[in-house]
Amino acid sequence: MKQRLTILGATGSIGDSTLDIVARHPERFSVFGLSAHRNIDKLLEQCLRFNPQFAVVGNAGLATQLAAQLKSAGSRTEVAYGEAALIELAHATQCDTVVAAIVGAAGLAPTLAAAYAGKRILLANKEALVMSGGLFMAAVRHHGAQLFPVDSEHNAIYQCLSTRAGVEKITLTASGGPFRTRALDSLAEVTPDQACAHPNWRMGRKISVDSATMMNKGLEVIEAHWLFDMPLQQIEVLIHPQSVIHSMVSYVDGSVLAQLGNPDMRTPIAHALAFPERIAAGVAPLDLAALATLSFERPQPERFPCLTLAIEALRQGGIASAVLNAANEVAVEAFLSGALRFTSIAEVVAEVLERIEPSTVHTLDDIRVADARARRLAAAEIAALTI
Ligand code: NAD
Ligand code: MG
């Protein structure tokens, strides 16, 4: 029987790569649901090509437009909109696998819904796990969901962590982003387009900025902590500019297992889609002789303050990582719209983290309240900085 997929965030970079693999293996996969926030032109194309039962968009107006276009093209795909519809889609009994590829906090509720429904979850939306860590993992366990990391580092670790016996540490590799060697005193001047021009990966704009600040690696440390139940002291970050080693696991006997491949998200997505089997992903074979050199360096804290802030938030625990995430989302958006300097992203996050007192998380509401408060404080901080 075919694996029936729902892709939340189908029109993004991860959504694209997922559908590329689906198209290569029509005998294995069928598409039950697709979602997009605003890009209904692309969603229309995807619906006509993959024929899902449901499509979900951001608001009523877009839903009406898309429904009319689908109907006139002879499609039977039904259209809904809003968070409730995303949650329903993630829950639906007619789908086996939910690909969580919405960017940011907007993915939290539907990704959690997939966990409550006991789905096979392909997790790209790291922000959801960063925000809700303990609650999310408890929901996965209690409802028998299967969680497969799509983030390339975590997928690599998943592949190298065949046994939990004797694990000494895990090493998350990082490219260092576009500003790894740029003069520190020129960082305040970088533009959104420069920040989004990642040397190795083509990704959405938010994660591209996070890669440039290395907040992305900080979020990934938090993600790894929850996914692999790994204490912070056993998680290391290493810059590896070629992005060929996607991460490593070190064992007490001196063995280090690494997963290698070209930087192409179709590899981890195909791994997670087909597990325990393997399927072709259209990725070019790795040519180590042509690469010739793989290099490594430690991240400098003065260049990447966001990495330190994320680690600090994980150390604090409770609501701190949700606060960090919310402040970062607001600051990145402000940077992308030209309202904040690149170097002020870290300043805003630091200030918000400092102003919200630590507190434990008992319910999803605790997270929502902390998220909303951090967003308000971040907005006020940005306004103060730009006056
Ligand atoms: P993207 O910006 O390309 O796509 C985001 C998707 O989410 C789009 O389909 C968009 O319509 C949808 N979306 C945006 N805002 C929304 C909202 N408010 N409500 C509902 N849907 C919304 O992003 P991406 O690069 O594909 O990243 C998606 C997620 O995967 C992120 O959490 C990112 O950190 C993670 N991730 C991405 C990559 C990558 O290579 N792109 C790698 C690892 C992890
Ligand atoms: Mg990653």
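**Overall fold and local geometry of the predicted model**

Of the 387 residues in the protein, 47% are buried, a residue being called buried if 20 or more other C-beta atoms lie within 10 Å of its own, exposed if 12 or fewer, and partly exposed in between, with C-beta atoms placed from the backbone. The structure is a predicted model, in which local features need pLDDT of at least 70, side-chain atom pairs count only at pLDDT 80 or more, and totals for chains, interfaces and linings use all residues. Residues are numbered from 1 along each chain as its sequence is written, while chains are lettered from A and ligands numbered from 1 in the order in which they are written.

The protein contains 16 helices and 11 strands; helices (H or I, at least four residues) and strands (E, at least two) are DSSP runs, numbered from the N terminus. Taken along the principal axes, the C-alpha atoms fill a box of roughly 55 × 55 × 40 Å. The radius of gyration is 20 Å, which agrees with the value near 21 Å for a compact globule of 387 residues; this radius is taken over C-alpha atoms, and the globule rule is 2.2 Å times the number of residues to the power 0.38. Among contacts between residues at least 6 apart in sequence, 70% join residues at least 24 apart, two residues being in contact if their C-beta atoms, placed from the backbone, lie within 7 Å.

Two helices make a helpful pair to look at side by side. Helix H10 (residues 215-227) has 13 residues and spans 18 Å from its first C-alpha to its last, close to the 18 Å expected at 1.5 Å a residue; the expected span is 1.5 Å times one less than the number of residues. H10 is mostly covered, with 13 of its 13 residues buried. Helix H6 (residues 126-142), by contrast, has 17 residues but end C-alpha atoms only 20 Å apart, short of the 24 Å that a straight helix would reach. H6 bends by about 105° at Ser132, where the bend is the angle between axes fitted to the seven residues ending there and the seven starting there. H6 is also mostly covered, with 12 of its 17 residues buried; Ser132 is one of these, and others include Leu129, Val130, Met131, Leu135 and Phe136. His142 lies in H6 as well, yet this residue counts as exposed because it has 11 C-beta neighbours inside 10 Å. The C-alpha atoms of His142 and Phe32, which are 110 residues apart along the chain, are separated by 25 Å. Just after H6, Gly144 takes a positive phi of about 65°.

Turning to the strands, E3 (residues 54-57) and E4 run parallel and are joined by four bridges; two strands pair if DSSP finds at least two bridges between them. Val57 has Tyr81 as its bridge partner in E4. Side chains alternate along E4 (residues 78-81): Val79 and Tyr81 point to one face and are buried, whereas Glu78 and Ala80 point to the other and are not. Together with helix H3 (residues 60-72), E3 and E4 make a right-handed β-α-β unit, right-handed in that, with the strands pointing away from the viewer, the path from the first strand over the helix to the second runs clockwise.

Antiparallel pairing involves E10 (residues 245-251) on two counts. Five bridges join E10 to strand E8 (residues 167-174), with Val249 in E10 as the partner of Ile170. Five bridges also join E10 to strand E11 (residues 256-260), where Gln259 is the partner of Ser247. The hairpin of E10 and E11 has four residues between the strands, and Gly254 in this hairpin takes a positive phi near 100°.

Some backbone angles in the loops deserve a look. Most residues other than glycine have a negative phi, and most peptide bonds are trans. Asp229, however, has a positive phi near 50° and sits in the loop between H10 and strand E9 (235-239). Asp229 counts as exposed because 9 C-beta neighbours lie inside 10 Å. Ala292 likewise has a positive phi, near 70°, and is found in the loop between H12 and helix H13 (305-316). With 8 C-beta neighbours inside 10 Å, Ala292 too counts as exposed. Finally, a cis peptide bond with omega of about 5° joins Phe275 and Pro276, and Pro276 lies in the loop between helix H11 (266-274) and helix H12 (288-291).
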